[in-house]
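This report describes selected parts of one structure for a reader who is new to it. The subjects are an internal cavity, some helices and the surroundings of individual residues.

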Amino acid sequence: MSVYGASATRDREAWLFGLTGPQFFMVLAAGFPTWMAMAAGQWLALVLVVPLWALAGLLICLPVRGWSAFQWIGVLVRHLAGAAFGWSRFQSKAAAGDLDLGDAENGGDEGDAGEADLPGILASIQIHDGPPMTGQTGRPAIIQDHAARTWAATARIVHPGIGMSDDADRFRMGAGLTELMEAATAGNQIDLVVVQVRTVPDDGTERDEWVRHNARTDEPEVSAQVNAQLEAMTAGAAVRREGFVTVVVREDVINKDAKRAGRGVIGRARILYSVLAEVEARLTGSIGCTRVNWLDTSELAAAIRTGFEPGDAPALADAAIHHGDDPSIAAGVPVAAAGPTNASTALRSYRHGEWESVSSTILLPRKGARMGALARVLVPSQPGERRALTVFYRPVSQQSADRSTGRAQMSAVMAGTLREKAGKVERAKDRQSVGKLHERDEKLELGRSLVKVSSAVSITVPSGWNVQDFGRRLDASIRISGFTPLPLDGAHDSAFAVSTIPLGAGLPKKRR
């Protein structure tokens with residue numbers, strides 16, 4: 001089996017003529033003056049209000065790049081209000097000179113250096129040093145989101161990829177991911193599993209260091225010239241990929257167990273560690289990861305910094321390399337300086353530091369897609385750009401899955417009845433939608449789990465480039481892969497945080 005997602009269903013089913021429940025009732029409410037004019041026999045007024053009713057129906061129902069006109073008006077109003085009140089601009093404490101570094105070297109307080117200073121929806125993030133974890137040389141960082149009331153941890157993973165894998169290996173990896181989701185549903189502790197892949201421009205810092213240590217002095221001159229020419233030809237287009245997995249748990253789920261495990265951050269970390277150990281076993285098992293390293297505070301800060309400022313990656317890598325030879329050389333970046341120095345949100349882009357990003361969501365095709373189909377999305381179209389793809393898996397409890405499936409089946413039956421009464425012919429996609437709901441119900445009865453899947457992708461380029469052109473290239477690569485892009489105009493700051501920063505924050509639990 002090499003096609004996945006073919007049995008996926010929509011989160012909410014339409015009632016009549018492709019309308020959701022709120023849209024259906026809003027159209028009926030907009031037609032109230034029409035019914036009143038007909039009841040009162042005011043035919044002249046009826047001639048005037050019918051076109052207005054049709055216009056209101058178009059504004060409510062006609063999608064424009066995924067949103068209706070009323071939703072676009074709301075987005076525009078909120079954007080203008082944010083710009084007027086200064087909410088769309090951010091300046092870090094370090095850039096403003098308000099960062100208190102404390103006196104941690106002499107045993108004093110470290111001041112603000114250990115507090116995250118991030119923009120937008122990441123402002124509620126606090127990063128703690130967790131207790132030692134079994135099998136880890138460091139102390140994994142515990143990510144606390146005060147706004148969402150969640151706790152999380154992020155791991156850097158190494159996976160050989162599926163480019164050379166046959167269908168049997170892909171089926172095994174897909175089955176391993178399914179087992180992970182089923183275990184998360186059964187445990188009822190994991191709220192979200194986030195898988196993120198970033199394509200990072202590679203300047204060759206690590207390779208130069210390797211060559212410096214391993215070059216042979218007796219290398220033939222012809223071989224040296226060939227290697228130098230190959231390096232000059234490929235250095236500008238070289239990229240490397242880094243993968244992250246973030247596991248998120250809810251405070252209201254683990255708080256009782258955390259009280260018995262030690263309270264505070266320590267108690268929650270111990271509960272979270274038990275979940276992380278199970279996830280790590282699944283990742284290194286049938287999923288095929290060769291390495292899973294749960295990031296400590298300094299490593300997480302570097303991942304956040306390179307997310308906002310891809311150009312800082314070479315300097316951080318060079319400092320880390322030389323820190324091993326000379327401990328006096330500072331390596332890494334403080335948590336307080338991990339964010340951008342400044343950021344501003346526009347309607348169609350997001351600028352952070354000296355870089356600018358455009359983000360889109362990816363809609364799963366109705367017929368499913370081949371595993372690995374999104375690999376083309378991560379291929380840069382020009383040296384110097386960075387792409388990031390994040391997929392969110394939200395396990396649904398068995399009770400919630402049963403309730404949502406029952407409501408979806410009832411909505412499908414009601415929609416079929418209304419279409420029959422209205423004389424509308426039932427289409428093939430309507431029959432397939434009902435069939436998928438019955439298939440989902442049977443799978444749930446057999447003990448399978450229901451998982452909500454969503455994904456976002458972003459492209460980041462230097463601020464002097466035409467970011468809108470690169471945004472169109474990103475959408476084109478998504479369409480070539482067989483998916484449908486939905487640019488997140490008006491929310492590019494939140495979309496960037498969701499798709500690029502490995503903190504597991506930013507995804508709303510309910511669709512609005």
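The lining of the second largest cavity divides into seven nonpolar residues, one polar and one charged. In this grouping, Ala, Val, Leu, Ile, Met, Phe, Trp, Tyr, Cys and Pro count as nonpolar, Asp, Glu, Lys and Arg as charged, and the others, Gly among them, as polar. The model is a predicted one, in which local features need pLDDT of at least 70 and side-chain atom pairs count only at pLDDT 80 or more, while totals for chains, interfaces and linings use all residues. Residues are numbered from 1 along each chain as its sequence is written, and side-chain values use heavy atoms, with hydrogens and water left out.

The residues that line this second largest cavity are Pro119, Gly120, Ile121, Leu122, Phe308, Tyr350, Asp493, Phe496 and Ala497. Helix H16 (residues 492-500) supplies the largest share of the lining, three residues. The volume of the second largest cavity is about 50 Å³, and four cavities of 30 Å³ or more are found in the whole structure. A cavity is a set of points, on a 1 Å grid over the protein atoms alone, where a 1.4 Å probe fits but cannot get out; lining residues have an atom within 4 Å of a point. Grid points are joined across faces, edges and corners, and a volume is the space filled by probe spheres set on the points.

Two helices can be checked for length. Helices are DSSP runs (H or I, at least four residues), numbered from the N terminus, and the expected span is 1.5 Å times one less than the number of residues.

| Helix | Residues | Expected span | Distance between end C-alpha atoms |
|---|---|---|---|
| H3 | 43-61 (19 residues) | 27 Å | 26 Å |
| H6 | 167-187 (21 residues) | 30 Å | 30 Å |

The buried residues of H3 (under 20% relative accessible area, 1.4 Å probe, protein chains only) are Leu46, Val49, Ala56, Gly57 and Ile60. In H6 the buried residues include Arg170, Met173 and Leu180. Just after H6, Asn188 takes a positive phi of about 60°.

Helix H15 (residues 467-480) contains Asp475, and Leu474 is also found in H15. Leu474 counts as buried because its relative accessibility is 0%; Asp475 counts as buried at 11%. Leaving aside neighbours within four places in sequence, Leu474 is in contact (heavy atoms within 4.5 Å) with Val358, Val377, Arg387, Val457, Ser458 and Ile459. Asp475, with residues up to four places away in sequence not counted, touches Ser360, Pro485 and Pro487. Leu474 and Ser360 are 114 residues apart in sequence, and their C-alpha atoms are 8.4 Å apart in space.

Note on methods
Buried means under 20% relative accessible area, exposed over 50%, partly exposed in between (1.4 Å probe, protein chains only). On a 1 Å grid over the protein atoms alone, a cavity is a set of points where a 1.4 Å probe fits but cannot get out, and a pocket is an open set with protein on both sides within 12 Å along at least five of seven lines; lining residues have an atom within 4 Å of a point.
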